[in-house]
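Student: I have a model open and would like to go through the reasoning behind its labels. Could you take me through it step by step?

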Amino acid sequence: MKLDKLLDPMKLDKLENEAAIILCQLEMYFPPTFFNIMVHLIVHLVREIKCCGPIYLRWMYSAK
């Protein structure tokens with residue numbers, strides 16, 4: 001199986017909405033202690049991709 005690393009900008013808005021809906025559905029089944037900061041970050045990943053590009057192309061430490 002070949003993994004495709006291309007992102008379709010037309011699908012990013014739909015992906016962002018689906019991530020929020022899925023997290024809301026998960027809240028019905030899991031207790032509130034399941035939802036820590038890492039689960040919440042899923043909501044912000046698509047916005048980060050729109051602003052800065054794919055995450056694997058960036059480094060978390062700035063070059064001085």
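Tutor: Gladly; let us begin with the salt bridges. This is a predicted model, and a search of the whole structure finds three salt bridges in it.

Student: What makes the contact between lysine 50 and aspartate 13 a salt bridge?

Tutor: The N to O distance is 2.4 Å. A salt bridge needs a Lys or Arg side-chain nitrogen within 4 Å of an Asp or Glu carboxyl oxygen, so this pair qualifies. The two partners come from distant parts of the chain, with lysine 50 in helix α2 and aspartate 13 in helix α1, 37 residues apart.

Student: Why is lysine 50 called partly exposed?

Tutor: Its relative accessibility is 39%. Buried is under 20% and exposed is over 50%, so lysine 50 falls in between. Aspartate 13, at 44%, is partly exposed by the argument just used for lysine 50.

Student: How do you know that lysine 14 and glutamate 18 form a salt bridge?

Tutor: Their closest N and O atoms are 4.0 Å apart. The cut-off is within 4 Å, and the pair is counted as a salt bridge. Lysine 14 and glutamate 18 both sit in helix α1, four residues apart, which is about one turn of the helix.

Student: Are lysine 14 and glutamate 18 buried, partly exposed or exposed, and what decides it?

Tutor: Lysine 14 has 55% relative accessibility, and exposed means over 50%, so lysine 14 is exposed. Glutamate 18 has a relative accessible area of 35%, so glutamate 18 is partly exposed.

Student: What makes Asp13, Glu16 and Lys50 one network?

Tutor: Consider the salt bridge between the side chains of glutamate 16 and lysine 50, at 3.3 Å, N to O. Glutamate 16 is in helix α1 and lysine 50 in helix α2, 34 residues apart, so this pair also links distant parts of the chain. Salt bridges that share partners join Asp13, Glu16 and Lys50 into one network. Lysine 50 is the shared partner, as it pairs with aspartate 13 and with glutamate 16.

Student: Let us turn to the rings. How many aromatic pairs are there in the whole structure?

Tutor: The search finds two aromatic pairs. In one of them, the rings of phenylalanine 30 and phenylalanine 34 have centres 4.5 Å apart and planes at 20 degrees.

Student: Why is that pair of phenylalanine 30 and phenylalanine 34 called stacked?

Tutor: Ring centres must lie within 6.5 Å, and 4.5 Å satisfies that; planes under 30 degrees apart count as stacked, so 20 degrees gives the label.

Student: And what makes phenylalanine 34 and phenylalanine 35 edge-to-face?

Tutor: Their planes are at 90 degrees, and their centres are 5.1 Å apart. Edge-to-face means over 60 degrees, so the label follows. Ring pairs link Phe30, Phe34 and Phe35 into a cluster.

Student: How exposed are the phenylalanines of that cluster?

Tutor: Phenylalanine 30 has a relative accessible area of 37%, phenylalanine 34 has 36%, and phenylalanine 35 has 23%. Each value lies between 20% and 50%, so each residue counts as partly exposed.

Student: What makes phenylalanine 30 fit for a surface patch?

Tutor: Patch members need over 30% relative accessible area and no salt bridge, so phenylalanine 30, at 37%, passes the area test. The nonpolar patch covers about 490 Å² and is made by Met28, Tyr29, Phe30 and Phe34. Phenylalanine 30 itself lies in the loop between α1 (12-26) and α2 (37-52).

Student: One more topic, the cysteines. How many disulfides does the structure hold?

Tutor: It holds zero disulfides. A disulfide needs two cysteine sulfur atoms within 2.5 Å, so no pair of cysteine sulfur atoms meets that cut-off here.

Student: Why do cysteine 24 and cysteine 51 carry unlike labels, partly exposed and exposed?

Tutor: The line between the labels is 50%: cysteine 24 has 48%, so cysteine 24 is partly exposed, while cysteine 51 has 61%, so cysteine 51 is exposed.

Student: And how much of the chain is buried?

Tutor: Of its 64 residues, 12% count as buried. The chain has two helices and zero strands, and it exposes about 6,200 Å², with carbon and sulfur atoms supplying 67% of that.

Terms used
Residues are numbered from 1 along each chain as its sequence is written. This is a predicted model: local features need pLDDT of at least 70, side-chain atom pairs count only at pLDDT 80 or more; totals for chains, interfaces and linings use all residues. Side-chain values use heavy atoms; hydrogens and water are left out. Patches are made of residues with over 30% relative accessible area and no salt bridge: like charges are joined within 9 Å, nonpolar side chains (Val, Leu, Ile, Met, Phe, Trp, Tyr) within 5 Å. Accessible areas come from the Shrake-Rupley method with a 1.4 Å probe; for residues, only the protein chains shown count as cover. Buried means under 20% relative accessible area, exposed over 50%, partly exposed in between (1.4 Å probe, protein chains only). Rings of Phe, Tyr and Trp (its six-membered ring) pair if their centres lie within 6.5 Å; planes under 30 degrees apart count as stacked, over 60 as edge-to-face and the rest as tilted.
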